[in-house]
Structures are given as C-alpha cells and as structure tokens.
Amino acid sequence: MDPGIDVVVVGGGVAGLAAASALARDDRRVRLVEKASEFGEVGAGLQLGPNATRILAEWGLLDRVIASGVLPARLVLRDARDGRELIALDLGEGFRQRYGGPYVVTHRSDLHGILLDAAAAAGVELRTDSEVVAVRFDTDSATTTLASGAELVSRVVLGADGLHSRLRSLISDDAPVPSGYVAYRGTVSAAEVEHAGSDVVGWIGPDCHLVQYPLRRHEILNQVAVFRSPRADSAASEWSDPDELDAAFARCCAPVRSALGNLRRDRRWPMSDREPLARWSRDRLLLIGDAAHPMLQYLAQGACQAIEDARELTRALGDGPLDTTHWRQAVEIFHERRVPRATRIQATARWWGDLWHCDGMAATLRNAYLRDHDSTIVRHIDWLYGATGDYSGTKA
C-alpha cells in the first residue's frame, strides 16, 4: 500500500517546520499538522548560536534571519547585585571564523515565519485545527488519528509537539520536571532605554537573573526576568502575583530593578525540562525538538537543537526509501549522532542555571573564576558551537 504521504509531522513550531521543510526539500512527501487554529509562536526573543546559523545558511535562510534580527556584539555576564561585568565573549569576526557562522538574536515569530514560508515553498502540506489524539503502527505504515476523526496514513510520523508532548507517552511515561523557577517577559522600544546597546547581557544573582538583548534591527529590547518561586510547581503557576517580581529582585542593582517596569505582569512562564531519554523512537514514530529533549534556557539551545535535529535526520535518511529496514537504520544513525549531544546540553543547562543562581561564598568564587578566565572562555564552548560538522557530542 502506498499511503501517499511519506512523513506526517505533528507540531507546527520551530522543530516541526524545520524538519518538514528539510524533508520536503529532499523530495519527501510531507504533511504537517498543528492543533492551533493558526500558525504562530508565543514569546519574543530567541538566540541562535553558530551551530544553528551554519545550518540555516545551508538551507538558504540565514540572510533573512539576519535581516530581521540583530548580530549582537558580545555575550556578557554581569553580577546582578553590583552590576560589575564578570565575563564577555566577543561575537565579532574572530568568533564567526572560528565557528563558521554568526551568533544571531531574532524575534521568535520572525524565525517561525521564515521557516513557515520555507516549508510552504518546499511543498509541505500545512494543516491547522488538527489535534492528534492517537497514532498506531502497521508493518509498513503509521496512521495518525485527529480529534476530528480523520485518519492520516503515512510511512512515518515525527513528533514535534513540544515539552508537553502527547506522542512522547508512546515511548515514555515520564512527565515534565519543574525547575522551581518562573519567567516574566516583555519588550520595550529601544529608544526608551538608556544605553540599550548591542550586547546580549545576563545579569546573574541569587535565585534570579535578567537577560536583555536587542531585536528587530535594534528597534526593541527583549527582556526576560527569571527567579525561584514557591508557587512555580503549583497548578496556578502561570498566573502572576503582582508583587513577587519586585520582591525577587529587591537585592539587585538599579539597572536591573528599573528594567522590571518594562515586563508584562499579567502572566508568567514556569520553566521545566524532562529527564533525558536514551531513545526517542518507537516503531515508525520519532520524537524531535522539545518533545525529545526539552532543556532549560541557560545555554540558549532549544531552537538550535531543533534545527540540528532536522539536519541530522535528513542526513541519516539520505535518499533511501522509508521501508522498515532503511527507516530503522536511519533512526539508529540519528540516535547515535543526536542523543549524546542533546543529553549533554540538557545536563549542562541545569548545571549552568545552578551556577548563575548561587549565593554567598559560592557566588564569590564563581565571580572570581569567571573574571580570571575571560581570555580562555572560547575553548570551553568549542564543544557547543564547533564548526567541524561533528554534532554527535562525543568530543569536548
């Protein structure tokens, strides 16, 4: 039986669109289903390291991403209490040559729109209002059932349905792991902020941090405040408390406290990840993006790893047929290349968050270490951004 569709992609976020467009460019017949009534992304800023921008360049999309975003000058960490600079990474020409691509910050909806256009141009069939309720597998095909009762038959299914993935339950009975931290977000016109600058700045402090960077050709400043909250794991964790934000940053320096006035106070975002899985597949289902490896935000790698997933999946599949033998072989190659690397990033992101939020003597030692190692920081991130093309995560 020829199902007519090679791949059904479940989820219309960055991971789903990146994979769908990459597969369609390889002459796969792809249908993408999204449960929302329209395509779009929630949130504002997104950071793309050279491990992702190299791939976007291969796909012919990087120029559009840069044109709609910003090439920041530096990545900077500052002490949120006294404002002192602790360490900085120059993102200029030397950085781009070392890693084969630039560091770009962009509005999440802009990247999403670029990937959506790319998927449509590649011939992906795009469907909204299509909530998936079940997937079953036969010898040579998979059937995806929608809430409407419609059944979509394909060779394989990609689960790109995010942190709260329904399809992940077919592989694991785990659940999201709350970090105990929540985020408040907001943007403001760059003209309204004194010394908005062109850096990505993280102000790190005890149980809290603030990240700021420009977006949309320096027109707006993106700001995210994250802090430990006693209500982070409660059922009402998304609903804000007007006073908790100011209280969490009360011991911080004036620039940090003044930035809080530009944040939305009507909603907060609990920060969660999941424990790593050894495998992201079952039968003819493969998870990608946050459905496979959700990670905390401290390395700014969520979207980057989704883009890597798309590239490595197409590399593993090559131009072979999606019969049982080739699919299994390709999935094994994909797992070998992707699972160790994504698992390392998940673990490192947790550790990096602990480092940002320490207090007392631990914070004093952290600050001294960062200031003393400013000139050698690059060699410590080669494993993350390295331009060798080896994304397996097996090399430090």
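In the predicted model described here, Thr343 is found in helix α9, and this residue offers a convenient point of entry to the structure. With a relative accessibility of 26%, Thr343 counts as partly exposed, because this value falls between the limit of 20% for buried residues and that of 50% for exposed ones. When residues up to four places away in sequence are not counted, Thr343 touches Pro276 and Leu277, while its side chain reaches the backbone oxygen of Val339 at 2.8 Å. The C-alpha atom of Thr343 is separated by 26 Å from that of Gly205, a residue 138 places away along the chain.

Helix α9 itself comprises residues 324-356 and lies across the strands β11 (156-159), β17 and β18 (285-287), with a direction at about 15° to that of β18. These three strands belong to an open sheet of six strands, whose order is β7-β2-β1-β11-β18-β17 and whose pairing is mixed. The edges of this sheet are formed by β7 (125-127) and β17 (281-282), each of which pairs on one side only.

Towards the β7 edge, strand β2 (residues 30-33) runs parallel to β7 and is joined to it by three bridges, with Leu32 standing opposite Leu126 of β7. Arg31 is also found in β2 and, at 13% relative accessibility, counts as buried. Apart from residues up to four places away in sequence, Arg31 touches Ile5, Val7, Val8, Val9, Glu125, Arg127 and Leu152; of these contacts, Glu125 and Arg127 fall within the residue range of the edge strand β7.

A further set of pairings involves strand β12 (residues 177-189), which pairs with β16 in the antiparallel sense over five bridges and with strand β15 (residues 220-228), again in the antiparallel sense, over nine bridges. In the pairing with β15, Gly186 has Gln223 as its bridge partner, whereas in the pairing with β16 the partner of Val177 is Asp273.

Asp273 has its place in strand β16 (residues 269-273) and is buried, with a relative accessible area of 2%. Beyond its neighbours within four places in sequence, Asp273 is in contact with Leu163, Pro176, Val177, Pro294, Met295, Leu296 and Arg350. With Arg350 the relation includes a polar contact of 2.7 Å between the two side chains; since Arg350 falls within the residue range of helix α9, this contact links strand β16 to the helix that carries Thr343.

Helix α2 (residues 50-58) presents another enclosed element: seven of its nine residues are buried, so the helix is largely surrounded by the rest of the structure. The buried residues are Pro50, Asn51, Ala52, Thr53, Arg54, Ile55 and Leu56. Just after α2, Gly60 takes a positive phi of about 75°.

In contrast to the buried Arg31, Arg217 counts as partly exposed, at 45% relative accessibility, and lies in the loop between β14 (208-215) and β15. With neighbours within four places in sequence left aside, Arg217 is in contact with Ala67, Ser68, Gly69 and Val70, and its side chain reaches the backbone oxygen of Ala67 at 3.4 Å. The C-alpha atoms of Arg217 and Leu170 are separated by 43 Å, although the two residues are 47 places apart along the chain.

Taken as a whole, the chain has eleven helices and 18 strands. For a chain of 396 residues, a compact globule would have a radius of gyration near 21 Å, and the value of 21 Å computed for this chain agrees with that expectation. Along its principal axes, the C-alpha trace spans about 65 × 45 × 40 Å, and 55% of the 396 residues count as buried. The accessible surface comes to about 16,700 Å², of which 50% belongs to carbon and sulfur atoms. Of the contacts between residues at least 6 apart in sequence, 75% join residues at least 24 apart.

Conventions. Residues numbered from 1 in each chain as written. Predicted model: local features only at pLDDT ≥ 70, side-chain atom pairs only at ≥ 80, totals over all residues. Heavy atoms only, no water. Pairing = 2+ DSSP bridges. Helix = DSSP H or I, 4+ residues; strand = E, 2+ residues; numbered from the N terminus. Contact = heavy atoms within 4.5 Å. Axes fitted to C-alpha atoms, helices over the stretch in contact; angles between N-to-C directions. Buried < 20%, exposed > 50% of the residue type's maximum accessible area, 1.4 Å probe, protein only. Polar contact = N/O pair within 3.5 Å; in protein donor to acceptor, adjacent residues only side chain to side chain. Rg over C-alpha atoms; globule rule 2.2 N^0.38 Å. Areas by Shrake-Rupley, 256 points an atom, 1.4 Å probe, with all protein chains shown as cover.
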